[in-house]
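Me: I would like a close look at a single part of this chain, namely how its charged side chains pair. Please then follow the account into the aromatic contacts and one enclosed helix, with the placement of each residue given.

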Amino acid sequence: MKKILFSTLVLLLTVVTAVQAQVNFSVQYKRVNATTVDIVFHGKADAGWHIYSTNIGEGGPTPATFGVDRIKGARLKGSLKPGLGAKTMQDPIFEMPVTFFEHQATFTQRVELTEKEYELKGYLKFGACNDENCLPPTSVDCKLQGTDGPAAQAAASAAQPEAPAAPEASAAQPEAPAAADTAATDALPVVAVDSAAAKTLWTPVIDELRSFGGDTGDVAGKAWWYIFFLGFVGGLVALFTPCVWPIIPMTVSFFLKRAGDRAKGIRDAITYGVSIIVIYVALGLIITTLFGANALNDLSTNAIFNILFFLMLVVFAASFFGGFEITLPSKWGDAVDNKAEKTTGLLSIFLMAFTLSLVSFSCTGPIIGFLLVEVSTSGGSALAPTIGMLGFAVALALPFTLFALFPTWLKSAPKSGGWLNMVKVVLGFLELAFALKFLSVADLAYGWHLLDRETFLALWIVLFALLGVYLLGGIKFPHDDEDEHHTSVPRFFLALASLSFAVYMVPGLWGAPVKAVSAFAPPISTQDFNLDPVKIEAKFRDYEAGMAYAQSVGKPVVVDFTGHGCVNCRKMELAVWHDAKVRDLLMKDYVLISLYVDEKAPLPEPIEVQEGGQTTTLRTVGDKWSYLQRSKFGANAQPFYVLIDNQGKPLNHSYSYDEDVDKFVKFLKTGLDNYQK
């Protein structure tokens, strides 16, 4: 087992160094004469990558082709012509000769103008591979439009045979400016960006955005309530474990018997509960002190940390299954317990609470570990660990206080038994399921494609099916009660829910939305086999390129600040974006730009910016988009949607996480109305 874990870790760490696809195209329009225009596509590929040429046989990789969406007052003159420098070799994978370009590639499509007013909207579709991976067929849009073509009558009277094919474009021609920082693996239209105009798009509009009122984009309050609730649920779960539940009646009885009167016993029990809260909140404050908000956000998509979190949860799950016990050194608990016996007053009670924290660590440790990891990497605030621990401690301390106030409740409380171990085993299954989420976050951020959506769902289906079988008594773990031969009613209903959930996820293997797990599973775009025809994806993941396209087509823009590891982003995309009304507005009336703030693709070179009186270095594409969100819009949480015109000015208030479809439709329509005004 150790060898398997070690080999898996080495493999995952090795993949971190894999080179992501870096293939970028720019477009030039060259006027040959009064009636002829050449559309020239110039591409650059990183070392190890090659772009396939036009003459690829059937059954081979994706060849370069030119397609037309709309053409008026013009016609294509010949086919797409590759430039110089192509190589031909026998490809061992496709088992056929293929022609490709390395480092640079040039393709030229000649267009003949037939009328004074002309318009052509087309695209280059190309394929690219390295020795390990291939890009999906990728499109580069182009648009040719003007009123300086020949008269329609002259074109009709001058019906001539087609001119000879365009000469091959020289690979040595000057290189056009490339579109800025487009994520390499995205099949996106690439539009030439004017650098001077791009700077104006970054001008802050925080005051203008706030003048619209409404959602300011600061979702910290919502996140804090969620984090507190998550911690509270974790504390309730910890109560029903073999390390905590049996201690409750003993501790409460001790306080009530030790005190001279019942009132003092109640005060001691309340003090004991408050001490538990202080201890766990202090743990949260330590995490808060060690890590700031930016560091926690970096941890949320850092490959090494997510792999460590994944392995940590797997170890916790094995502990809950009964493989071993995770305990703190016994001398720690003995030392604190001895100290508590020698002291009196509030300090004695506090040390007793601290002893509880130490001796119950084998059960509470995995829950606290998962809770701290989850809230630290998704809370959006440096206070998230403290708030999470506050919720956990309140739930853990609550029964000590309540049973002290109402001691008769102890008689009706469930007695210790085999059901406590069942709680641990169920938690083990849940820890394994959530472990896959952390591995998925690293996989998405770095584009490894080790845990695409169908693989993730298959593992979850198996896990929850096995959980159902366990609850029905079909599987036994080391600490389970061997004498138990019947299935209790609560276990039956839990098994029914678990097995039903597993069956519910099965259609997801063929592309069904499976909205209940959309917050945890990878996006549907990572799925290879998808029968769902509805796809709502942004054409652009680059701000400047998307804005240039919006200017060329005269449309407003939806800027979607999102993240690969953003749970609520996936919920919004499935629950709101897939609604027919929202889908039509996003795809027809707006230009949608999705900016991933955790994208790990490196920038061509680091960028230093001034922020808050300090110099900040932007090293990745995600750093750049995160800085754009902070500096231009004054927000730092995701999801964050902002409507702007094609000059970068806001059209409505911002919008964050809210699954109210009608509210989101109103948000989009208001922005559209303001743009049309």
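Reply: The account below takes the salt bridges in turn and then passes to the aromatic pairs, one helix and two individual residues.

The model is predicted, and its confidence is therefore considered before any detail. The mean pLDDT over the chain is 74, and 70% of the residues score at least 70. Residues 1-21 remain under 50 in pLDDT, and the model has 24 contacts beyond four places in sequence for them. Residues 216-222 also remain under 50, with 11 contacts beyond four places in sequence. Where pLDDT is low, the predicted coordinates should not be read in detail.

**Salt bridges**

Side chains of opposite charge can pair when their charged atoms come close. The count of salt bridges in this model is eight. One of them joins the side chains of arginine 31 and aspartate 148, at 3.0 Å from N to O. This pair links distant parts of the chain, 117 residues apart: arginine 31 belongs to strand S1 (residues 23-33), and aspartate 148 to the loop between strand S12 (138-146) and helix H2 (152-157). Arginine 31 has a relative accessibility of 36%, so it counts as partly exposed. Aspartate 148 is likewise partly exposed, its relative accessible area being 44%.

A salt bridge also forms between arginine 110 and aspartate 38, whose closest N and O atoms are 2.8 Å apart. Here the partners are two strands: arginine 110 lies in S9 (residues 104-113) and aspartate 38 in S2 (residues 36-45), with the two positions 72 residues apart in sequence. Arginine 110 counts as buried because its relative accessibility is 13%, under the 20% limit. Aspartate 38, with a relative accessible area of 8%, is buried too.

Arginine 70 and glutamate 119 form a further salt bridge, with 3.6 Å between the closest N and O atoms. Arginine 70 is in strand S4 (residues 65-72) and glutamate 119 in strand S10 (residues 118-126), 49 residues apart. How do the two ends fare in accessibility, buried or partly exposed? Arginine 70 is partly exposed, with a relative accessible area of 45%, whereas glutamate 119 counts as buried at 13%.

**Aromatic contacts**

A pair of aromatic rings is described by the distance of the centres and the angle of the planes. The model has 28 aromatic pairs. In one of these, phenylalanine 321 and phenylalanine 477 have ring centres 4.7 Å apart and planes at 10 degrees, so the pair is stacked. Phenylalanine 321 is in helix H9 (residues 303-321), and phenylalanine 477 is in the loop between helix H16 (453-471) and helix H17 (489-505), 156 residues apart. Both rings belong to buried residues: phenylalanine 321 has a relative accessible area of 14%, and phenylalanine 477 has 17%.

The pair of phenylalanine 561 and phenylalanine 633 is edge-to-face, because the planes lie at 65 degrees, with the ring centres 5.8 Å apart. Phenylalanine 561 is part of strand S13 and phenylalanine 633 of helix H21 (residues 621-633), 72 residues apart. Both of these phenylalanines are buried.

One aromatic cluster is made up of Phe456, Trp460, Phe464, Phe501 and Tyr504. A charge meets a ring at tyrosine 470, where the charged end of arginine 491 sits over the ring, 5.6 Å from its centre.

**Helix H18 and two single residues**

Helix H18 (residues 543-553) is largely enclosed by the rest of the structure, because eight of its 11 residues are buried. These are Tyr543, Glu544, Ala545, Gly546, Met547, Ala548, Tyr549 and Ala550. At the start of H18, a side-chain oxygen of aspartate 542 comes to within 3.3 Å of the backbone nitrogen of glutamate 544. Just after the helix, glycine 554 has a positive phi of about 65 degrees.

Threonine 562 is located in strand S13 (residues 557-562), and it is buried with a relative accessible area of 0%. Its contacts, leaving aside residues up to four places away in sequence, include Cys569, Arg570, Glu573 and Gln638.

Lysine 663, in helix H22 (residues 661-676), is partly exposed at 43% relative accessibility. Beyond residues up to four places away in sequence, lysine 663 touches Tyr655 and Asp658. The C-alpha atoms of lysine 663 and valine 576 are 10.0 Å apart, with 87 residues separating the two in sequence.

Definitions and conventions:
Residues are numbered from 1 along each chain as its sequence is written. This is a predicted model: local features need pLDDT of at least 70, side-chain atom pairs count only at pLDDT 80 or more; totals for chains, interfaces and linings use all residues. Side-chain values use heavy atoms; hydrogens and water are left out. Buried means under 20% relative accessible area, exposed over 50%, partly exposed in between (1.4 Å probe, protein chains only). Helices (H or I, at least four residues) and strands (E, at least two) are DSSP runs, numbered from the N terminus. A polar contact is a pair of N or O atoms within 3.5 Å; within protein, one must be able to donate a hydrogen and the other to accept it, and residues adjacent in sequence count only if both atoms are side-chain atoms. Contact means heavy atoms within 4.5 Å. Rings of Phe, Tyr and Trp (its six-membered ring) pair if their centres lie within 6.5 Å; planes under 30 degrees apart count as stacked, over 60 as edge-to-face and the rest as tilted. A charge sits over a ring if NZ of Lys or CZ of Arg is within 6 Å of the ring centre and within 35 degrees of the ring normal. pLDDT is the predictor's confidence in each residue, from 0 to 100. A salt bridge is a side-chain nitrogen of Lys or Arg within 4 Å of a carboxyl oxygen of Asp or Glu.
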